[in-house]
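Open the model in your viewer and keep the selection tool at hand. We will walk through the fold one stop at a time.

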Amino acid sequence: MLAKRIIPCLDIKDGQTVKGTCFVNLRSAGDPVELGKTYSEQGADELIYLDITASHEGRKTFTELVERVAARINIPFTVGGGIRELSDVERLLNAGADKVSINSSAIQNPQLIDEIANHFGAQVCVVAIDAKQTGQGEWKCFLHGGRVETDRDLFGWAKEANERGAGEILFTSMDHDGVKNGFANEALARLAAALSIPVIASGGAGKPEHFEEAFAAGKADAALAASVFHFGEIRIPELKQYLCSRGINVRL
């Protein structure tokens with residue numbers, strides 16, 4: 001069985017790492033390059049860097065950041081934010097990223113998934129989905145950092161992304177984001193059962209037990225967290241030792 005992955009996520013705004021709750025109330029969490037290096041040394045399996053206010057003007061700055069990260073860490077990392085065409089993907093891969101994450105642009109132009117997968121390989125394309133529960137068993141997808149609701153259903157959209165060639169699905173439950181009460185395990189389990197690609201759980205990590213639940217009950221292939229790592233509430237070596245003691249296969 002493949003080892004479950006622990007992935008710190010670094011949201012980047014104006015060159016700094018920030019973290020909010022339910023996508024608002026951002027606070028600074030430190031230098032993204034130094035944080036990434038620390039996580040790499042602690043045993044994180046991968047990192048994700050998201051330019052959360054990506055704009056045309058900010059692309060050059062973010063590309064330079066990606067180059068600095070690549071020079072300092074020795075684990076795979078994914079970058080996302082403002083990726084709308086193949087040239088954006090090429091620029092970030094050339095800067096040193098291993099994968100790219102697309103979210104709003106994928107919903108607005110689903111063909112982009114096919115293009116990235118065909119041009120660079122499915123392993124490069126992570127489709128991120130921000131979703132909120134709107135009814136019993138109903139989850140709607142949101143765009144632009146959770147600001148705009150769409151008529152897309154989480155499960156239908158994830159399945160389409162899978163069929164178009166996405167290599168992984170990164171599912172963030174907006175209601176769970178930063179609340180630290182656990183991941184959306186029922187929705188995760190539904191995704192895992194419906195898809196043929198790995199599912200990354202995001203939104204809700206507050207204690208080691210939540211990671212265990214995401215892997216066991218939620219059937220997630222990887223679990224992502226931000227604030228619990230950034231502010232020292234959970235350290236990755238202790239988290240992995242805990243998961244190992246609970247029978248979860250992780251790389252120590």
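The tour below starts with the whole chain and then moves to the sheet, a helix, the core and a few loops.

**Stop 1: the whole chain**

Select everything and show it as a cartoon. Keep in mind that this is a predicted model. The protein chain has ten helices and twelve strands. Its C-alpha atoms fill a box of roughly 45 × 40 × 35 Å along the principal axes. For 252 residues, a compact globule would have a radius of gyration near 18 Å, and the 17 Å of the protein chain agrees with that. Buried residues make up 54% of the 252 residues. Now think about contacts: among those in the protein chain with a separation of 6 or more, 65% are between residues 24 or more positions apart.

**Stop 2: strand β5 and its partners**

Select residues 77-80, which form strand β5. Which way do the residues of β5 point? Phe77 and Val79 point one way, Thr78 and Gly80 point the other way, and all are buried. This fits a general pattern: in a regular strand, side chains alternate between the two faces of the sheet.

Next, add residues 47-51, strand β4, which runs parallel to β5 and is joined to it by four bridges. Look for Tyr49, which stands opposite Val79 in β5.

Then add residues 99-102, strand β6. Three bridges join β5 to β6, and these two strands run parallel. Here Gly80 has Ser101 as its bridge partner. To see how the chain gets from one strand to the other, show helix α3, residues 86-95. Together, β5, α3 and β6 make a right-handed β-α-β unit.

**Stop 3: onward to β7**

Add residues 125-135 to bring in β7, which runs parallel to β6 and is joined to it by three bridges. Val100 stands opposite Cys125 in β7. Strand β7 is also joined to β10 by six bridges, again running parallel. In this pairing, Asp130 stands opposite Thr172.

How do β7 and β8 pair, parallel or antiparallel? They pair in the antiparallel sense, over five bridges. Zoom in on Gly135, whose bridge partner in β8 is Glu138. The hairpin of β7 and β8 has two residues between the strands, and Gly137 takes a positive phi near 75° there.

**Stop 4: helix α7, a helix with a buried face**

Select residues 185-194, helix α7. Colour its buried residues, which are Asn185, Ala187, Leu188 and Leu191. Turn the view until you look down the axis of α7: the buried residues fall within an arc of 155°, so they line one face of the helix. In general, an α-helix has 3.6 residues a turn, so residues three or four places apart point the same way. On the other side of α7, Glu186 and Ala193 are exposed.

What covers the buried residues of α7? The cover includes β8, α6 (154-164), β10 (168-173), β11 (199-202) and α8 (208-216).

**Stop 5: the nonpolar core**

Now select Val127, Leu154, Phe171, Phe211 and Phe229 and show their side chains. These are the residues with the most contacts inside the largest nonpolar core, which has 70 residues. Helix α6 gives the largest share of this core, five residues. Apart from this core lies another, of ten residues, among them Ile7, Cys9, Ile48 and Leu50.

Focus on Phe229. Leaving out residues up to four places away in sequence, Phe229 touches Ile6, Ile7, Pro8, Tyr39, Phe211, Ile234, Ile236 and Leu239.

**Stop 6: three loop residues**

Select Gly182, in the loop between β10 and α7. Is Gly182 buried or exposed? Its relative accessibility is 3%, and residues under 20% count as buried, so Gly182 is buried. Beyond its neighbours within four places in sequence, Gly182 is in contact with His176, Gly203, Gly204 and His210. Draw a distance from the C-alpha atom of Gly182 to that of Phe229: they are separated by 15 Å and lie 47 residues apart along the chain.

Move to Asp14, in the loop between β1 (5-13) and β2 (16-21). Asp14 counts as exposed, at 68% relative accessibility. Asp14 has a positive phi of about 55° although it is not a glycine.

Finish at Lys219, in the loop between α8 and β12 (222-225). Lys219 is also a residue other than glycine with a positive phi, near 60°.

Conventions
Residues numbered from 1 in each chain as written. Predicted model: local features only at pLDDT ≥ 70, side-chain atom pairs only at ≥ 80, totals over all residues. Heavy atoms only, no water. Buried < 20%, exposed > 50% of the residue type's maximum accessible area, 1.4 Å probe, protein only. Arc of directions from axis to C-beta. Contact = heavy atoms within 4.5 Å. Core = buried A, V, L, I, M, F, W, Y, C linked by side-chain atoms within 4.5 Å. Pairing = 2+ DSSP bridges. Right-handed = clockwise from strand over helix to strand, strands pointing away. Rg over C-alpha atoms; globule rule 2.2 N^0.38 Å.
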